[in-house]
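Work through the exercises below with the structure open. Try each task before reading its solution.

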Amino acid sequence: MEATHAHAHGHDGHAHHPSGLMRWITTTNHKDIGTLYLIFSLTMFFVGGVLALGIRAELFQPGLQFWRPEFFNELTTMHGLIMVFGAIMPAFVGFANWQIPMMIGAPDMAFARMNNWSFWLLPVAATLLVASFFVPGGAPAAGWTIYAPLSTQMGPGMDLGIFALHIMGASSIMGSINIITTVLNMRAPGMTMMKMPLFVWTWLITAYLLIAVMPVLAGAITMVLTDRHFGTNFFNAAGGGDPVMFQHIFWFFGHPEVYIMILPAFGIISQVIPAFARKPLFGYASMVYATSSIAILSFIVWAHHMFTTGMPAAGQLFFMYATMLIAVPTGVKVFNWIATMWKGSMTFETPMLFAVGFIFVFTMGGFTGLILAIAPVDIQVQDTYYVVAHFHYVLVAGSLFAIFAGTYFWLPKWTGHLYDETLGKWHFWLSMIFFNVTFFPMHFLGLAGMPRRIPDYALQFADFNMLASIGGLGFGLSQVIVLWVVIKCVKGGAKAPHKPWEGADTLEWTLPSPPPYHSFETPPVVK
């Protein structure tokens, strides 16, 4: 026993830390693991982005340009799966790993080795997913929602996709258990629940959502798997099954899933805006309650994705009203962010630009969501480009812009260097302009009736599609800037001062949270 102990700790009794590659493979340090998640996410973001450019290249003009229709469907499906499960979700988990222990004063995550495992499942899953392009019959092509009965008829690529989703779901569940345990058990003395930074709150609630719905997704895709290989008929009407049941199960996962992708974004925005407004967050408690109510309501709105499946009118009405109800806590959040900025001493460095841009464009995405919640309207625009426009406004201008805001905000803390502010501003303005050039015309395409997930279209849709494709290319190329900024910042650059944002970044530590009632009028003096 003594010998092993001495060997493990080197001869002088100090812990032996592996270096080089082994440090990254075996690390249990929350910062290292957070970094790994962020690197993985950035990689998958560019993979998914290349697929998106393949989609927009085909749609640049009517007629079939580059791809077989089957391959076009593989592109749309894989773009969705890779962006959701490979880019957006891992990025937020990376933020959680880096920030949560520091924000609550914990030494690390609760289950440090499980943390390592939950990360390393992801590259394995991503490899399986991307490998599906290279098997007979190609990648899954049933849309990212993998609707049965289509998904029960496809080649082995679908099996790889199902396996990859199972592994990613396991990773999410482990990460969530870790986050919940860390937040509930490892806060520093005096750090009560209602004093936690909002980012920690949003992630705590998100982790509960993940644990609730990931097994539901696993159930849905397992049933697809047994339909495919073991002679079951869950979704086969000829065998007494029901294809619509797949939609119910999938969207019971899928709707909370979209809130899983936006709640951590709300948390990041709620850290960035008070910092650059140099004021405490307006209405801290109401933000916590709003986040919780969004999470609860997210479970009773799933069938608004299914208004065209022949649902009884009573069902349509219930899901319509429940969906509209979610706009209330979301509106509370937007109001609180604006109230936080009101009369603040604002400066507009890159994180703040992305945060303000987020509020503007995310709110537009929220409004189109409210329009889609109205059953008779939804029946007209269901499965058109209006829906594509809506969810990209929420997921790109929402989740992705928040990820950018958080990246620029915390890069000095993570790397010890200041990033290039000029390049950051270029990244923001180019992204903002090209994002809207890409996705705003899609509202008009959808209202005019252009269906989504098709490689060809009628002549009257040509101009807006050309515009969207040009915007997509510009948006994609603009993302090379963030890659360059991050690499440059990691390699060196000006040393980050103790307070990179002139006192703003220390705000959450120097002010009581929730703040005293009198502190909204005058910006506080940071001692």
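The exercises that follow concern a predicted model.

**Exercise 1. A surface patch**

Find which residues form the nonpolar patch on the surface, and which elements give two or more residues to the patch.

Solution. Step 1: the patch is made of Phe 440, Phe 444, Leu 447, Phe 464 and Leu 467. Together these residues have about 450 Å² of accessible area. Step 2: the elements giving two or more residues are α15 (421-447) and α16 (462-491). Helix α15 supplies the largest share, 3 residues. Step 3: take one member, Phe 464, which lies in helix α16. Its relative accessibility is 35%, so Phe 464 counts as partly exposed.

**Exercise 2. Aromatic rings**

State how many aromatic pairs a search of the whole structure finds, then classify the pair of Phe 409 and Trp 410.

Solution. Step 1: the search gives 46 aromatic pairs. Step 2: a pair of aromatic rings is described by two quantities, the distance of the centres and the angle of the planes. Step 3: for Phe 409 and Trp 410, the centres are 5.4 Å apart and the planes stand at 50 degrees. Planes under 30 degrees apart count as stacked and those over 60 as edge-to-face, so an angle between these cut-offs counts as tilted. The pair of Phe 409 and Trp 410 is therefore tilted. Step 4: both Phe 409 and Trp 410 are buried.

A further ring to inspect is that of Trp 24: Arg 23 lies over its face, 4.3 Å from the ring centre.

**Exercise 3. Three residues in helices**

For His 390, Asn 178 and Gln 271, decide whether each is buried or exposed, and name the helix that holds each one.

Solution. Step 1: the cut-off for buried is under 20% relative accessible area. Step 2: His 390 belongs to helix α14 (residues 385-415). With 18% relative accessibility, His 390 counts as buried. Setting aside residues up to four places away in sequence, His 390 touches Gly 365, Thr 368, Gly 369, Leu 372 and His 443.

Step 3: Asn 178 is part of helix α6 (residues 156-185). Its relative accessible area is 0%, so Asn 178 is buried. Apart from neighbours within four places in sequence, its contacts are Met 109, Ala 110, Phe 111, Met 114 and Asn 115.

Step 4: Gln 271 sits in helix α9 (residues 263-277). At 7% relative accessibility, Gln 271 is also counted as buried. Its C-alpha atom is 8.1 Å from that of Leu 281, a residue 10 places away along the chain.

**Exercise 4. Backbone geometry in loops**

Locate the cis peptide bond between Ala 148 and Pro 149, and describe phi at Lys 343 and Arg 453.

Solution. Step 1: recall that most residues other than glycine have a negative phi, and that most peptide bonds are trans. Step 2: the bond joining Ala 148 and Pro 149 is cis, with omega about 5 degrees. Pro 149 is in the loop between α5 (112-131) and α6.

Step 3: Lys 343 has a positive phi, near 60 degrees. Its place is the loop between α11 (313-341) and α12 (350-373). Lys 343 counts as exposed because its relative accessibility is 52%. Step 4: phi of Arg 453 is positive and near 60 degrees. Arg 453 is found in the loop between α15 and α16. With a relative accessible area of 26%, Arg 453 is partly exposed.

Note on methods:
Residues numbered from 1 in each chain as written. Predicted model: local features only at pLDDT ≥ 70, side-chain atom pairs only at ≥ 80, totals over all residues. Heavy atoms only, no water. Patch = residues over 30% accessible without salt bridge, like charges linked within 9 Å, V, L, I, M, F, W, Y side chains within 5 Å. Areas by Shrake-Rupley, 256 points an atom, 1.4 Å probe, with all protein chains shown as cover. Salt bridge = Lys/Arg side-chain N within 4 Å of Asp/Glu carboxyl O. Helix = DSSP H or I, 4+ residues; strand = E, 2+ residues; numbered from the N terminus. Buried < 20%, exposed > 50% of the residue type's maximum accessible area, 1.4 Å probe, protein only. Phe/Tyr/Trp six-rings, centres within 6.5 Å; stacked < 30°, edge-to-face > 60°. Lys NZ or Arg CZ within 6 Å of the ring centre and 35° of its normal. Contact = heavy atoms within 4.5 Å.
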